[in-house]
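Me: Hi! Could you walk me through this protein while I have it open on my screen?

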Amino acid sequence: MKQKYLFVWLCAFLCTFAMNVQAQNLKNTPTSDHEHYCKANDLMKDYYELHPEERVQVDQELQELAKSADENTLYKNGDCNRVITVPVVVHYIYDANDLNNGYDSDNYITNTIMAGLNAYFTQQNTVDDNLPPAFQGTAADGTCIEWCLAQYDHPTNSNLHGNDIDRDGVKDANGDGRIDEGQFAINRNAVNATTITNIANAQPGQNQQNILQGIAPAWPVDEYLNMYVVPDLLPPSGGFTTAGYTYLPNNGSASFNSIYIGYDFATAGTTIAHECGHWLGLNHVWENSSGGGCGAEDYWMSNTGFPIPDTYDQAASSINVGGTTCNATTDGQVPSSCGSVDNIFNVMDYGGCTEYFTNEQASNMFLALTSLTAGGRNNFNNDLNLVKCQAPGPPTAGFSPNSGTISVCAGQSISFTDESLNSPSSWSWSFSGSALNNPINSTDQNPSIVPDQAGTITISLTVSNMNGSDSAGPSTITVNILPDGSPTCPPSNNECFGAIDISAAFACPATTTVLGTYDNTNATSEPSDLALTGYLNSLNSSSGVCCMCEDENNSDTEELHNTV
């Protein structure tokens with residue numbers, strides 16, 4: 001269908017539409033007729049000028065992947081006998097005093113935005129049956145990719161959770177600053193009007209991304225699609241509106257592996273599906289990262305080893321196509337360029353007729369999730385949805401350490417780690433035994449306790465979640481208290497510390513076996529050292545001579561500590 005255009009370059013995409021964009025199911029109606037523009041090349045040029053090594057890394061990976069993907073045998077999944085489901089977290093950023101521009105309810109997000117996104121990725125190949133002949137047989141029979149709004153196993157770092165998560169019902173019942181298990185990953189952040197203006201004025205790219213990441217840091221990008229929804233990605237007064245933007249998979253920071261959506265376009269329309277296509281490596285159908293127009297093949301990942309042969313050569317986007325053209329039944333009724341019909345029904349075009357991904361587009365997106373390490377995309381091949389989008393069964397309790405001998409210094413704590421399965425939401429620990437003067441209880445997930453003396457500690461753990469509880473233990477460990485002054489337990493004062501061979505008339509040795517690094521500035525010889533070594537009292541390490549010092553228990557019989 002297309003002439004192949006040779007170019008290898010990881011590319012970012014900024015999908016900026018004229019304000020008269022059609023059929024996007026906009027929440028608010030744009031009023032301008034300005035031309036659209038796209039800054040993809042500018043964004044990636046800036047990115048790789050800062051990080052040239054990352055372009056080399058991705059190109060090398062793609063070269064190896066191209067060899068192993070000979071004849072598409074690596075990633076063809078035509079019958080969708082395996083479906084990969086990607087967990088999603090939606091970061092909403094809005095002015096709390098203007099909820100009409102930036103805020104959506106949980107119900108709208110789940111039943112409109114997420115449902116619309118999945119509709120495009122699960123679209124069956126019958127969608128092209130009544131389209132003009134040039135398009136029949138090109139639609140994928142589902143992409144074998146689905147999206148789920150995460151509900152479980154949320155990050156435990158409260159800094160990753162928004163400041164307004166209870167806006168649409170209580171999501172943080174225990175007040176720990178985190179979205180509770182079982183609640184959707186809708187991460188709401190209320191900011192002031194000035195911040196909203198600053199986000200738009202920064203414009204799409206790294207400066208804007210830095211602001212957004214500062215407000216709502218991304219959740220791990222190899223475990224979630226991070227979707228940011230903001231009132232405006234460009235200043236409204238400028239006459240343009242930006243629907244959304246993202247980057248092809250890359251080894252950059254989280255901000256370059258997230259997608260950004262203007263609030264008016266966070267709907268069931270094609271914008272989010274279009275950006276997810278980029279996030280999985282697809283180009284626009286009329287261009288690659290070196291430019292557009294006739295002859296510009298829309299290679300997957302902009303890599304010549306991965307052409308998309310079932311899209312047509314196209315001169316420009318179909319931004320102004322819609323209306324009755326979408327009902328075309330003959331090829332002659334479809335806009336054309338470069339000697340063929342334009343891809344007006346393809347999700348990776350613009351316009352009002354977009355409906356589906358092609359077979360080759362679907363195969364390559366699936367490849368991103370099974371094999372592409374850039375941006376951690378291949379980690380989604382590990383059934384993360386079973387942990388993050390499905391209610392866990394009753395927990396299975398487990399912890400460590402649960403046996404053996406633990407050696408610690410006096411006053412040092414022993415840390416216990418919860419290793420329970422199926423996402424417990426509460427923990428009840430009990431500790432007792434001869435190493436403790438009194439029993440200790442804890443509700444921390446990973447507690448630490450300080451033994452009072454050598455002996456044994458018996459540990460039991462009970463964990464619970466909404467589906468049940470389970471217990472582990474009792475298990476017993478032995479505690480050994482190391483002597484103060486041993487290599488792993490340094491003195492608490494400023495005495496010298498290091499082994500010395502005193503066999504040669506107490507001369508400074510040529511080498512010293514150092515058992516630790518400590519502050520010896522104020523270390524001094526005791527009066528008793530004078531009889532043993534002939535050294536004057538109060539010589540210290542800064543004098544450059546051997547300084548015999550007491551060890552922690554001040555026993556002259558153990559005066560084998562030295563600094564030079």
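**Disulfides first**

Reply: Happy to. The link of Cys148 and Cys389 is right-handed, with 65 degrees about the S-S bond. Cys148 sits in strand E3 (residues 145-149) and Cys389 in the loop between helix H8 (385-388) and strand E12 (399-400), so this disulfide ties together parts that are 241 residues apart in sequence. Keep in mind that this is a predicted model.

Me: How far is it from S to S in the Cys148 and Cys389 pair?

Reply: The S to S distance there is 1.9 Å.

Me: And are Cys148 and Cys389 buried or exposed?

Reply: Both Cys148 and Cys389 are buried.

Me: How many disulfides does a search of the whole structure find?

Reply: The search finds 3 disulfides. Another one joins Cys294 to Cys338, with 1.9 Å from S to S. The link of Cys294 and Cys338 is left-handed, with -90 degrees about the S-S bond. Cys294 is in the loop between strand E9 (291-292) and strand E10 (336-337), while Cys338 is in the loop between E10 and strand E11 (340-341), and the two are 44 residues apart.

Me: Is Cys338 buried or partly exposed?

Reply: Cys338 is partly exposed, and its relative accessible area is 27%.

Me: Ok, what about Cys326 and Cys353?

Reply: Cys326 and Cys353 form a disulfide too, with their sulfur atoms 2.0 Å apart. The torsion about the S-S bond is about -85 degrees, so the disulfide of Cys326 and Cys353 is left-handed. This pair links distant parts of the chain, 27 residues apart: Cys326 lies in the loop between E9 and E10, and Cys353 in the loop between E11 and helix H7 (359-371).

Me: Why does Cys326 count as buried?

Reply: Buried means under 20% relative accessible area. Cys326 has 19% relative accessibility, so Cys326 counts as buried. Cys353 is buried as well, with a relative accessible area of 2%.

Me: While we're on cysteines, what is the relative accessible area of Cys276?

Reply: Cys276 has a relative accessible area of 0%, and is buried.

Me: Let's zoom out. How many helices and strands are in the protein?

Reply: There are 9 helices and 20 strands. The protein has 564 residues, and buried residues make up 51% of them.

Me: What about the accessible surface?

Reply: The accessible surface comes to about 23200 Å², and 47% of that belongs to carbon and sulfur atoms.

Me: And for contacts with a separation of 6 or more, what share comes from residues 24 or more positions apart?

Reply: Those residues account for 70% of such contacts.

Me: Switching to strands. Which residues are on the covered face of strand E16?

Reply: In strand E16 (residues 426-432), Trp427, Trp429 and Phe431 make up the covered face. The uncovered face of E16 holds Ser426, Ser428, Ser430 and Ser432.

Me: Nice, an aromatic face and a serine face! What does E16 pair with?

Reply: E16 pairs with E19 in the antiparallel sense over 7 bridges, and Trp427 has Val463 in E19 as its bridge partner. E16 also pairs with strand E17 (residues 440-442), antiparallel again, over 3 bridges. Phe431 stands opposite Ile440 in E17.

Me: So where does E19 go from there? Which strand forms a hairpin with E19?

Reply: E19 forms a hairpin with E20, with 2 residues between the strands. Strand E19 (residues 455-465) and E20 pair in the antiparallel sense over 10 bridges. In that pairing, Thr462 stands opposite Ser471 in E20.

Me: And do strand E13 and strand E20 run parallel or antiparallel?

Reply: Strand E13 (residues 405-409) and strand E20 (residues 468-482) run parallel, and 5 bridges join them. Ile406 in that stretch stands opposite Val479 in E20.

Me: One last topic, helix H4. Which residues are buried there?

Reply: In helix H4 (residues 193-202), Ile196, Ile199 and Ala200 are buried. These residues cover an arc of only 95 degrees around the axis, which puts them on the same side of H4.

Me: What covers the buried residues of H4?

Reply: The cover includes strand E2 (84-95), strand E4 (186-191) and helix H5 (206-215).

Me: And what does the backbone do just after H4?

Reply: Gln203, just after H4, takes a positive phi of about 65 degrees.

How values were computed: Residues numbered from 1 in each chain as written. Predicted model: local features only at pLDDT ≥ 70, side-chain atom pairs only at ≥ 80, totals over all residues. Heavy atoms only, no water. Helix = DSSP H or I, 4+ residues; strand = E, 2+ residues; numbered from the N terminus. Buried < 20%, exposed > 50% of the residue type's maximum accessible area, 1.4 Å probe, protein only. Contact = heavy atoms within 4.5 Å. Areas by Shrake-Rupley, 256 points an atom, 1.4 Å probe, with all protein chains shown as cover. Disulfide = S-S within 2.5 Å. Pairing = 2+ DSSP bridges. Arc of directions from axis to C-beta.
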